[in-house]
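Q: I should like to learn how to read the features of a protein model, beginning with the whole chain and ending with single side chains. Could we work through one example?

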Amino acid sequence: MVRSHPGSVLSGVPQGTLLGLLLFLIYINDIVLGIDSEIRLFADDCIVYRQNRNSCDSVTLQSDINKLHEWSNKWQMSFGVSKCCILSIHRKCTPPTLNYTLGNTLLNVVNSHSYLGVTVTSDLRWHEHANNISVKATKTLNFICRDVYCCPPDIKATAYISLVRPHLEYAAAAWDPYLVGDCKQLEKVQRRAARFVKRDYKPTTLVSSLISQLGWQTLSDHRRNSRLSLMYKTLHGLAGISTSPFRHPSKTTHSANDDTFCVLSSSIDPYKYSFYPRTIVDWNALPASVKSRPSIHSFRCAICSSSTNSI
């Protein structure tokens, strides 16, 4: 017989099991009840947000934070307060000071924060995220250069594609940068990888030629194709994205099956180069035969083959 001691755990689920994940999701499933602001859950991450038009919106957001704190006390599922913060997305030079508390703790106000692996900033620009992932990718590339230096080129290429490029492409459809400096910073990692794979460090060698020989696309082409693939999935109900009010059918055509959309113009760069305004331009430029492909796989093959550099 096993005797219990004060404070001992009498039941539970072994860590690392699929059942544990399912029970956790069931346990926290009611956290969204009674929240007036927008709330998103992913595994053990929770984000609450709302558009702040006036002081009433601030009061509502604080009320929702209080409800989350009450929920955590009720179910003994404490938030990691040190990891919680307030990020205000705005275009003001001097934004208003907004203080929010979680329990008795005043939440820190930050200008940028990583959410699900993507660094979001208060101005919705992607320089900081591009810098962060280029640093991560470079560290991984350094590891590969050291450990597989003597391997054949195909092994080196596989190591780069498997271990380095995922850092550079993760969620790229959402954050695809538009500034030349950010794009060059990311391409620099792949250009260095191409020299490593081909063992060609001559200053007279064109790196673009090495990349072409390897059959690699540029990272900018990869990100463009990722955006177009997500657009295809959205239009065909294959992605968890609702039909957006930003997608307006073109008024210049009258076909019921028209797949061309009105261009969304803006003088604000973060919006102008965001997913829908930017991708609609690329989508409209695709041939009708590509847009009408019957499956996402055939669509991806078509847009890859139509790129300047084939994969």
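The dialogue below takes up the chain, one helix, the aromatic rings and the backbone in turn.

A: We may begin; please note that this is a predicted model.

Q: What do helices and strands, burial and contacts tell us about the chain as a whole?

A: One starts with the inventory of elements: the chain has twelve helices and eight strands. One then turns to burial, and here 32% of the 311 residues are buried. Sequence separation is the next item: among contacts with a separation of 6 or more, 58% join residues 24 or more positions apart. Finally, the exposed surface comes to about 19600 Å², of which carbon and sulfur atoms supply 57%.

Q: How many residues does helix α6 have, and how does its reach compare with the expected value?

A: The idea is to set the span between the end C-alpha atoms against a rise of 1.5 Å a residue. Helix α6, residues 180–198, has 19 residues and reaches 26 Å, close to the expected 27 Å.

Q: Which residues of α6 are buried, and against which elements do they pack?

A: Burial is read from relative accessible area, with under 20% as the cut-off. The buried residues of α6 include D182, C183, L186, E187, V189 and Q190, and also A193, A194, R195, F196 and V197. Their packing partners are α3 (127–147), α4 (153–169), α5 (172–175), α7 (207–214) and α8 (219–235).

Q: What are the surroundings of Q190 in this helix?

A: For a polar side chain, one looks at accessibility first and at partners second. Q190, in helix α6, has 0% relative accessibility and therefore counts as buried. Its side chain makes a polar contact of 2.8 Å with the side chain of Y160. Leaving aside residues up to four places away in sequence, Q190 touches Y160, R165, I211, W216, Q217, T218 and L219.

Q: How many aromatic pairs are there, and how is the geometry of one judged?

A: The search of the whole structure finds six aromatic pairs. The rings of Y27 and W75 have centres 6.0 Å apart and planes at 75 degrees, so this pair is edge-to-face. Because Y27 lies in helix α1 (residues 18–27) and W75 in helix α2 (residues 55–75), the pair ties together parts 48 residues apart in sequence. Y27 is partly exposed, with a relative accessible area of 37%, and W75 is partly exposed at 32%.

Q: Is the pair of Y232 and F299 stacked or edge-to-face?

A: The angle between the planes decides. With planes at 20 degrees and centres 4.6 Å apart, the rings of Y232 and F299 are stacked. This pair links helix α8, which holds Y232, to helix α12 (residues 296–306), which holds F299, across 67 residues. Both Y232 and F299 are buried, and ring pairs join Y232, W283 and F299 into a cluster.

Q: Over which rings does K156 lie, and at what distances?

A: Here one considers a charged group in relation to the face of a ring. The charged end of K156 sits over the ring of Y149, 5.3 Å from its centre. K156 also lies over the face of F196, at 4.6 Å from the ring centre.

Q: Where does phi take a positive value in a residue other than glycine?

A: Two cases may be given. A171 has phi near 55 degrees; A171 is in the loop between α4 and α5 and is partly exposed, at 33% relative accessibility. R199, just after α6, has a positive phi of about 55 degrees and is found in the loop between α6 and α7.

Methods: Residues numbered from 1 in each chain as written. Predicted model: local features only at pLDDT ≥ 70, side-chain atom pairs only at ≥ 80, totals over all residues. Heavy atoms only, no water. Helix = DSSP H or I, 4+ residues; strand = E, 2+ residues; numbered from the N terminus. Expected span 1.5 Å × (residues − 1). Buried < 20%, exposed > 50% of the residue type's maximum accessible area, 1.4 Å probe, protein only. Contact = heavy atoms within 4.5 Å. Areas by Shrake-Rupley, 256 points an atom, 1.4 Å probe, with all protein chains shown as cover. Phe/Tyr/Trp six-rings, centres within 6.5 Å; stacked < 30°, edge-to-face > 60°. Lys NZ or Arg CZ within 6 Å of the ring centre and 35° of its normal. Polar contact = N/O pair within 3.5 Å; in protein donor to acceptor, adjacent residues only side chain to side chain.
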